[in-house]
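Reader: I'd like to learn how to read the contacts and symmetry in a model like this one. Can we go through it feature by feature?

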4 protein chains.
Amino acid sequence: MSQPSITDRLGDPETAREEGRRKMDWAMQHMPILQSLSGEFASEEPLDGEVVGMAMHVEAKTANLVELLAEGGAEVAITGCNPLSTHDDVSAALDAHPRITSYAERGVDDEQYYADIEAVIGHEPTITVDDGMDMVAAIHESFPELIDTIVGGCEETTTGVHRLRAMDADGELKYPVFAVNDTPMKTLFDNVHGTGESALATIAMTTNLSWASKTVVVAGYGYCGKGVAKKAAGQNANVVVTEVEPRRALEAHMEGYDVMPMADAAEVGDVFITTTGNRDVITREHFEVMQDGVLLANAGHFDVEVNLDHLSDMAVDQYEARDGVDAYELKDGRRLNVLAEGRLVNLAAPIALGHPVEVMDQSFGVQAVCVRELVEHGEEYGAGVHDVPDDLDREVAEIKLAAEGVEYDSLTDEQAEYMDSWDHGT
Amino acid sequence: MSQPSITDRLGDPETAREEGRRKMDWAMQHMPILQSLSGEFASEEPLDGEVVGMAMHVEAKTANLVELLAEGGAEVAITGCNPLSTHDDVSAALDAHPRITSYAERGVDDEQYYADIEAVIGHEPTITVDDGMDMVAAIHESFPELIDTIVGGCEETTTGVHRLRAMDADGELKYPVFAVNDTPMKTLFDNVHGTGESALATIAMTTNLSWASKTVVVAGYGYCGKGVAKKAAGQNANVVVTEVEPRRALEAHMEGYDVMPMADAAEVGDVFITTTGNRDVITREHFEVMQDGVLLANAGHFDVEVNLDHLSDMAVDQYEARDGVDAYELKDGRRLNVLAEGRLVNLAAPIALGHPVEVMDQSFGVQAVCVRELVEHGEEYGAGVHDVPDDLDREVAEIKLAAEGVEYDSLTDEQAEYMDSWDHGT
Amino acid sequence: MSQPSITDRLGDPETAREEGRRKMDWAMQHMPILQSLSGEFASEEPLDGEVVGMAMHVEAKTANLVELLAEGGAEVAITGCNPLSTHDDVSAALDAHPRITSYAERGVDDEQYYADIEAVIGHEPTITVDDGMDMVAAIHESFPELIDTIVGGCEETTTGVHRLRAMDADGELKYPVFAVNDTPMKTLFDNVHGTGESALATIAMTTNLSWASKTVVVAGYGYCGKGVAKKAAGQNANVVVTEVEPRRALEAHMEGYDVMPMADAAEVGDVFITTTGNRDVITREHFEVMQDGVLLANAGHFDVEVNLDHLSDMAVDQYEARDGVDAYELKDGRRLNVLAEGRLVNLAAPIALGHPVEVMDQSFGVQAVCVRELVEHGEEYGAGVHDVPDDLDREVAEIKLAAEGVEYDSLTDEQAEYMDSWDHGT
Amino acid sequence: MSQPSITDRLGDPETAREEGRRKMDWAMQHMPILQSLSGEFASEEPLDGEVVGMAMHVEAKTANLVELLAEGGAEVAITGCNPLSTHDDVSAALDAHPRITSYAERGVDDEQYYADIEAVIGHEPTITVDDGMDMVAAIHESFPELIDTIVGGCEETTTGVHRLRAMDADGELKYPVFAVNDTPMKTLFDNVHGTGESALATIAMTTNLSWASKTVVVAGYGYCGKGVAKKAAGQNANVVVTEVEPRRALEAHMEGYDVMPMADAAEVGDVFITTTGNRDVITREHFEVMQDGVLLANAGHFDVEVNLDHLSDMAVDQYEARDGVDAYELKDGRRLNVLAEGRLVNLAAPIALGHPVEVMDQSFGVQAVCVRELVEHGEEYGAGVHDVPDDLDREVAEIKLAAEGVEYDSLTDEQAEYMDSWDHGT
């Protein structure tokens, strides 16, 4: 594996490193959980002797997790999980750490993307940390010989966990992976508040348009969709939800949103935001009935939700209407505006910053204690997808509340006993 | 078991029956799920030969479930699950049905309350439907000989399920019980929207006070607490949440609410609403620091959340300030106002109507299909608490959406395949 | 004028008086502004020698204003302003005061209603306080000889002020009247929060129905309509607004609500709430396309917004579906449910309590200082409608904030000077 | 006046012009009101022969107004109204128009700023259009000889109107100026939705921080403050309001926000956003008690709300923590982060885009019809500040609703008559 790290690829990386460090410092100011764990990891080095292989969005917040793992004693090799989300300066700052090698570089082509993943695997990780399961997939497909020495992995995203569960159901997942994405600390905060706020702010600042009175079609009413819908309504948008699961559809209906099939929503929407994790959510039949000037943005992991092949095929002209906005002009003159090439808008738009710092702090706090758990008790977990142990998730919540100065009650002995009893009457 | 039914206890029940029927008719107009199931149950009589023993709030909405079960072929015996929530007219209307016997009567004392439960058990039910597990508890404690012939049961409330799970953990639950309370169709709608809206409307109409600018302390941030907090904020209250579980506390904090221990909340609250399902949530130490004129209301199942023994002990005077409001005057002149004697405010206040019709329709729709499931496949379930099978819950959601005219999408074959696959890349 | 007071009309009024007093006491607990003014009025008797003639909703809150004026030294004669909003017990409690005569009685017919107004006028008021300008109208039409000795009047409602301004524009208003309705302290709080909260709570508790997912059509987007829309959205309703003024229509649209003509709204609404102050807002053409089971409620002053003549004419059957709900069954089987006979729902429904206590405290605080102003400086105001002097309105706000313990900033001298200057640059 | 236009100052402006034109085109797509007026102005040239002198934020949206006025027949000279808000490319694109001269250039010093204003005045405008009244002030102070030939002016901002009214009260305003800022079409939309949404999105994208659970202190509860508070609450922030006017303070309190003096708010806030239009809202005494890491942003017109002289004086270190964020480190280690140097954050931050396109369309639509009104009927208005005639404001609302496809009701003859009558009874 002779793949050069980001530092080797850049010309003079000094300025980039300083800029990357400045970004990391700003983020760390607002990451109280990682700050708290940092003290513990640095003094106890619980990850000593481990090699962590990571494929994640390489920007300032993730970088603080990477550095925390290195401070905890591990050697870390990392690359990006999306060709457009890497900040080269942050990548360079990480690579300068004696125990970290970063291969991540913005805008690499597919070939280089997979070469970088293989370069990380070349470090022979004992633990993998993924955002979309590309690392797990590559190891299982091309480097099965490493599986025996891997203690376990962590997966950050809804989509990745979904794919891992499918793989597990097929009996193809050969080592334990924590479904970090599914913990309360992740789903209730990162997905709802993180995706919701950052997707909307990115769209607003990419387009200079307003939410008030806009009909915003949210495709999918999982945690991400709920966040987008709630925050859009909080900016006075008129929210329409599309769903395929009747309980979720009903939940959106009871919240007061309009629920309808995409075929109908396509006719009334001003802005479309996909959050389903599925493909072909918006296709030719929908483009055909949309209004002139609509915005199309994706807040799901992959760029398959809006079918751009269909749209390119229908367009008579295509041009950059604005940084991060591609206009597709149809033969009847309507212009459909696609943001960030249909990729995850809060990561891939030119001005995108990813999720807010504070919500990533929560998510990465769980990642850190899960990596520690794999080192300390990894052998207790069999191959397959595992829920994060509840006490770990709870530990992170306690750290966060303490850092925010939020106090709360605890059960008295009598109350705890009452909750465990079943023999008291009306 | 010679306990007289409600009809025998009332003098001339004709007028009461008519009034009860009028209440049931109004509710049934707004219960599309029960309407839909009614057709199926009446024609197929899936419950033929069964005896259903019920202890539930006997008012118009529940009555429509009771009648649906009778239409489905069952003999039904019912009594109340709270001495203050029974509507005698509805009880009489039910009792007039040839296959229904109702023992429920408003305001009975404890002795009569338990005698009525035993009267129901005297019908030798093959299926139990509980709201607070009093029926299950009584059978296990005093009539264990019936357990062999009982196919199973259903439990409606958070508190009941909690107690059943504790009983199950002790190995003491001897027949299968569906945790109807825990289904998405129940928790996401009944608890959040039902408890939230009805508790607030009942308090407003009992006191003639406003929510705008009030500091409303919500004790507990489970589904009920979330509903109360959300709806109170939606009326421009300033919401304070107390919790004992750190993830829930954090969730409330992230929602923008103030989170603090009850000891602090007691000093700033104008209205206190308990939703914890636990005892002694508000006690002497809190009364001591509350402001003059505060309202104390309970939206949890039992009347143990606000410790009225402490309050009575501290009071120098106690009087009815208004229908449904007892004022406790302390020696320093402060008046603390307790609503509905600390019982479930949306059921026990003089003007209370219980949960809104539509949300009970959802909950009772699940009850009905669960009873049908017990008859059809009860033998497949072992003793213990069981989650409602997902397809039953989903069936009820589909019925509701169809009735409301809400359409939604379904997965294409390609999308279903995509969701089940794990080998597609970035 | 030999019209008997309420005390004379009742049989044994002692119990009624006690009950009325209990209601007034509860309200007074939550009326900090009237409490504060009460001390001042009782000690200084600023209204000594005046006769105040009132036509207002006679219930507990208004009663505390009436008593405050009497404590301030005035003789007060009062009757109701709506045949269904009078509480006879409160009326009796007021009538027991040595300086107050009350003629108000619930459910009187039109003849008696106007006889009662004339009975009040028989006291030869020097000041009038109206809620709908019936007193002003009657004096101008039938007792013009009294106008010379009248110092001025106060008008409480949007509708009344509207009519007074029309009268003033015609040169027909012969003494000064304060448009109490139009002050910030009234419109921003009473109309928005008071009407909004109480209309919705009354409807919910009259019907036992839920707001979540309901399509609520709000007719008119003035202050009352804004309040109803905002509070309904806060209970997860899907709000539709109808309007005739384009800026208001646009304002509702920008808030995220659906705006459409009533002809379209009639087809999609579940609940209709009129707040326009105009007639024939919902008529035959709308009834013809409404869904089965809709609710029709009025939150505007008069019962002319929903055209019940049209509805009666169309109905094949009409019956009381529930207390406060009249069902009109059409020939195609659809049932349209009218609440409170189309009268102001939060005052005229059987369980109605009127506006919340706290918001009436603000409104009545302005009434009290306006009456005081008329006594002290009435001669400075010419005939016609007058805005409440800003310093009086502000005084009431200051009293309220002080009572609630809310502190706020004041301008420094430098800041005050800055706000008055125009010569500082960028 | 030999001041060179922006085109003369730039080297090769061709690329800049194209980029500026692209920005203007994007904005124009979402400005239906200006589109509608454009057709009328181009065909009728109502401004033929006039010279319009403007000092406004020179970016894409304003540029479309400028071009509309030129299309209407006027010669237009323009410069910026804030040294940091000019987009040079847009300025160049404007300057390329045969009837437009633009002097605006980003980042000019004070001397150049005022020289540019004088250059505009050198064109001898017959109409002025201001955003902050700098043009009006300069003409009155230094070029009084022009006043005779000036037909009138328009003022866009709260602050400008406030200063103009002060000037008018002093008898110093010598020609008519329309208070465009005060029209319903401006205050209800631009200030509330425009300032609210764009200030928050700019702060979020400048800092990568989240609103959920943040304590956001909003200084001032006028239209801008209401917008910021409402939108922040809609992103799950915990909102604190400071005010000096008791009715506004009470309004915020009734909305459910915490109201307190800045001295107390300073201790609890995470983010401070000033919207008062006044100076010294946040000063030394407040900095002394703030938490480490707070954000300080200004959404009022001038950069005097946060006293940076005090902060610089207290700081032991000052550095750029992030683009658009200056960190002031105090001697106890606390870091207070000032955004956009305390200037209007949604205009002056590096990534700022100004108000959303759609709300500026409304505001500029009013500007355009007001300029037309001055040409057609300017002589009917005396010197001083004038409210925008209601029919003009209404016309713009009608254009907007028509463009959005929103239909609304109109009064029937009977309804119009009813609203004008005063003699119908209860």
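Reader: How many residues do chain D and chain C each bring to their contact?

Author: As general background, the size of an interface is often given as the accessible area lost when the parts come together. Here, in what is a predicted model, we count residues instead: chain D brings 55 residues and chain C brings 56 residues.

Reader: Which elements of chain D give two or more residues to the side that touches chain C?

Author: They're H7, helix H8 (158–169), helix H9 (184–207), helix H11 (246–254), helix H17 (390–404) and helix H18 (413–420) of chain D. Sorted by class, that side of chain D holds 26 nonpolar, twelve polar and 17 charged residues.

Reader: H7 of chain D is on that list. At roughly what angle do the axes of H6 and H7 of chain D cross?

Author: To read a helix pair, look at the axes and then at the residues between them. Helix H6 (residues 110–121) and helix H7 (residues 134–142) of chain D have axes that come within 10 Å and cross at roughly 75 degrees. Angles of 65 to 115 degrees count as roughly perpendicular, so H6(D) is roughly perpendicular to H7(D). On the H6(D) side, the contact is made by D:Ile117, D:Glu118, D:Val120 and D:Ile121, and on the H7(D) side by D:Asp134, D:Met135, D:Ala138 and D:Ile139. That's six nonpolar, no polar and two charged residues.

Reader: Now the symmetry. What rotation superposes chain B on chain D?

Author: The general idea: two copies of a chain are related by a rotation about an axis and a shift along it. In this case chain B goes onto chain D by a rotation of 180 degrees with 0.0 Å of shift along the axis, at an RMSD of 0.0 Å. That's the relation of a two-fold axis. Both copies use the same surface, as 100% of the contact residues of chain B recur in chain D.

Reader: Which residue of chain B comes closest to the rotation axis?

Author: That's B:Asn238, whose C-alpha is at 4.8 Å.

Reader: And inside a single chain, into which domains is chain A divided?

Author: Chain A has domain 1 (6–186 + 355–404) and domain 2 (193–348), with 30 Å between their centres, taken over C-alpha atoms. Their contact takes 13 residues from domain 1 and 15 residues from domain 2 of chain A. On the domain 1 side, helix H8 (158–169) and helix H16 (357–377) of chain A each supply at least two residues, and H8(A) gives the most, with three residues. By class, that side of domain 1 of chain A has four nonpolar, nine polar and no charged residues.

Definitions and conventions
Residues are numbered from 1 along each chain as its sequence is written. Chains are lettered from A and ligands numbered from 1 in the order in which they are written. This is a predicted model: local features need pLDDT of at least 70, side-chain atom pairs count only at pLDDT 80 or more; totals for chains, interfaces and linings use all residues. Axes are lines fitted to C-alpha atoms, for helices over the stretch in contact, and angles run from 0 to 180 degrees between N-to-C directions. Helices (H or I, at least four residues) and strands (E, at least two) are DSSP runs, numbered from the N terminus. Angles under 35 degrees count as roughly parallel, over 145 as roughly antiparallel, 65 to 115 as roughly perpendicular and the rest as oblique. Two residues are in contact if their C-beta atoms, placed from the backbone, lie within 7 Å. Ala, Val, Leu, Ile, Met, Phe, Trp, Tyr, Cys and Pro count as nonpolar, Asp, Glu, Lys and Arg as charged, and the others, Gly among them, as polar. Copies are superposed by least squares on the C-alpha atoms of residues with pLDDT of at least 70 in both. Domain bounds come from an automatic or database domain assignment.
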